[in-house]
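Me: I'm new to this structure and would like a close look at one part of it. Could you walk me through how one helix packs against its partners?

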Amino acid sequence: MPPRPVLAVLAAAALYCTAAMSSPAAPPPEASIRDALAPGLLGLYATDRFKLSTGRCQDCLAPQQALWYFNDDMIAVAKADAAGYAPRLRAQEDVQAWLIDGKGRPSGQPPSLLWIGSPHVAEGRLQAGGQLSRAGNAAPLAVTLTPRLSSNRAYMDDSSVAFFADGEIKARGALRDEHFVIRTLWPKRYAINAAAASQPLARGETIESLVRAEHGGAQANFAVRTLWRRDGGAQPMALAGKPVLGFILNGAQGDDDESYGGHFAVATGRFGGAGEWDDWLVNNFYSLASVSEKGIIAATLPMDAYMGDLNSGQSWYRPSYMLVAVLKDARAPALYQEAISRVFSHFYRQDFHYRHASTNCAGINVETLRTLGWQIPRLGGEAPLKAAMALPYMALKDVSLASGQSAYDYLKTERTELLPFVAFNTIGEDLLRRLTSGAARSGLEAQLADDLEALLFVRLPQYPSSRAFGSDPVLSLREYQQRAPANRADWKIVPVAPRAFPATFKDPAAPRERRPASARATWVWGGVAVTALAAGGWIVTRRRKTASRRLQPSARR
């Protein structure tokens with residue numbers, strides 16, 4: 001059970017919703033409470049380039065389809081010059097055309113929509129009595145928590161309070177009459193002030209082994225390791241103000257047998273003056289076809305919200321890992337951010353759909369990075385030959401064509417676009433081995449090779465709570481099968497409701513979505529089946545005719 005003093009919010013569940021939907025109260029003058037868009041940065045962009053609103057905004061630059069997903073939630077929308085999109089092109093074709101038109105350079109356009117979720121930010125120390133201590137002589141602020149979603153299996157408990165009480169915290173939430181309803185929690189001790197001296201991978205060490213250490217490190221300490229520095233210096237390298245491109249791998253959950261593959265996302269931003277990175281922007285692709293049991297919505301959102309939202313935050317239900325490319329120039333992360341913002345607009349319009357076996361969180365991001373010119377090595381499908389036989393076998397076994405097609409796509413899809421851990425590993429190895437050796441060619445990878453100053457590996461433990469601890473994600477489909485119960489009926493799964501996309505939002509002039517590889521394979525197998533049936537019918541007919549002739553009396557006497 002959660003600690004009563006801290007989780008008294010359950011008796012005031014409507015408070016946060018009211019705060020999010022109405023005009024937020026002006027925060028008091030103490031520096032520990034501020035507006036969510038107080039002067040600062042969101043990713044690479046100044047906060048004054050955005051305004052707070054909800055998805056019901058009538059004069060926002062974001063596509064109406066994107067706004068629809070956040071009808072009653074708090075968002076930050078660009079005031080002007082937002083990243084656009086070409087509605088008649090497919091997403092990656094759009095990125096390619098935009099890249100050529102801009103001669104491979106970013107134009108400084110921010111995302112049209114960011115999922116902020118909260119109008120205010122509070123900082124201080126979380127006290128067990130349900131208060132937040134503040135700087136100076138300001139009186140402690142009474143706090144409660146946003147309610148747990150009924151479909152969310154676990155929530156903050158005594159162990160969580162102890163974890164966050166061990167230092168300063170940053171919280172996003174809503175202030176009402178000196179009462180703060182917390183929606184996200186972030187430990188400020190996670191700041192990274194400097195890059196230490198390089199500690200390259202030793203003999204036998206790999207990025208995979210760093211992730212797998214201590215069974216994924218869900219209960220380990222927060223840790224940072226400098227894998228490479230251009231200057232090779234032994235003294236710490238200051239990180240304040242440095243732009244970054246970050247690659248995030250989230251591990252496997254401990255209470256969901258569908259989660260062993262983990263999750264993948266890409267972040268952009270700058271280190272703060274004290275090494276903060278909670279305001280980096282994370283580009284999180286997630287299925288829009290269902291209502292997440294944790295309230296996750298595919299979006300670009302601040303790092304502290306992506307990791308620390310009490311319902312949807314990744315750190316509440318699994319460990320995470322991050323590779324941070326520290327750069328001397330912001331052109332590479334800005335180029336990626338503008339490109340992926342265009343992809344998001346196509347995604348919200350449902351010009352293409354999230355498919356776990358072919359177009360998922362890893363695939364969408366990796367494909368975009370490749371479109372921008374980073375030739376991330378391709379590894380091929382896990383079992384392309386088996387894929388061909390898996391389609392008819394699984395279709396007949398499960399009496400489901402969709403099952404056969406899914407099996408085909410899982411076995412056939414390029415592994416860096418299928419499995420988050422493979423994408424993370426391959427990107428890390430390419431940064432360490434190829435781009436730092438001067439073997440980059442052109443486009444985004446050339447920019448990264450020129451601008452890369454350091455590569456950091458960051459390990460983030462799981463926030464303790466009433467949820468089971470997670471672990472490292474799988475690196476192959478075979479490993480997935482080994483971890484999951486043999487009988488699918490024994491899998492731990494939370495059923496989710498479908499999310500119906502309004503038909504009126506669909507643009508009839510939008511290009512037709514490319515079908516997955518299994519669609520073509522189905523036609524091939526269909527042709528094989530028709531040919532086989534025709535051949536079989538011909539053989540049977542011939543045999544019948546031959547047998548009939550033998551039975552007829554001879555014409556000669």
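Reply: Helix 3 (residues 91-101) packs with helix 7 at an angle of about 145°, and the two axes are 9 Å apart. Keep in mind that this is a predicted model. The crossing of this pair is right-handed. On the helix 3 side, the residues that do the touching are Ala91, Gln92, Asp94, Val95, Trp98 and Leu99, and they meet Leu335, Glu338, Ala339, Arg342, Val343 and His346 of helix 7. Sort that contact by class and you get seven nonpolar, two polar and three charged residues.

Now follow helix 7, which covers residues 331-348, over to helix 8, residues 361-371. Here the axes come within 10 Å and cross at roughly 125°, so helix 7 counts as oblique to helix 8. This crossing, too, is right-handed. Helix 7 brings Tyr336, Ala339, Ile340 and Val343 to the contact, while helix 8 answers with Ile364, Asn365, Thr368 and Leu369. This time the classes come out as six nonpolar, two polar and no charged residues.

So what should you look for on screen? Try Ala339 and Val343 of helix 7: they are in the contact with helix 3, and they also appear in the contact with helix 8. Arg342 and His346 are among the helix 7 residues that meet helix 3, and Tyr336 and Ile340 are among those that touch helix 8.

Key
Residues numbered from 1 in each chain as written. Predicted model: local features only at pLDDT ≥ 70, side-chain atom pairs only at ≥ 80, totals over all residues. Heavy atoms only, no water. Axes fitted to C-alpha atoms, helices over the stretch in contact; angles between N-to-C directions. Helix = DSSP H or I, 4+ residues; strand = E, 2+ residues; numbered from the N terminus. Parallel < 35°, antiparallel > 145°, perpendicular 65-115°, else oblique. Left-handed = near helix turned anticlockwise from the far one by under 90°. Contact = heavy atoms within 4.5 Å. Nonpolar A, V, L, I, M, F, W, Y, C, P; charged D, E, K, R; others polar.
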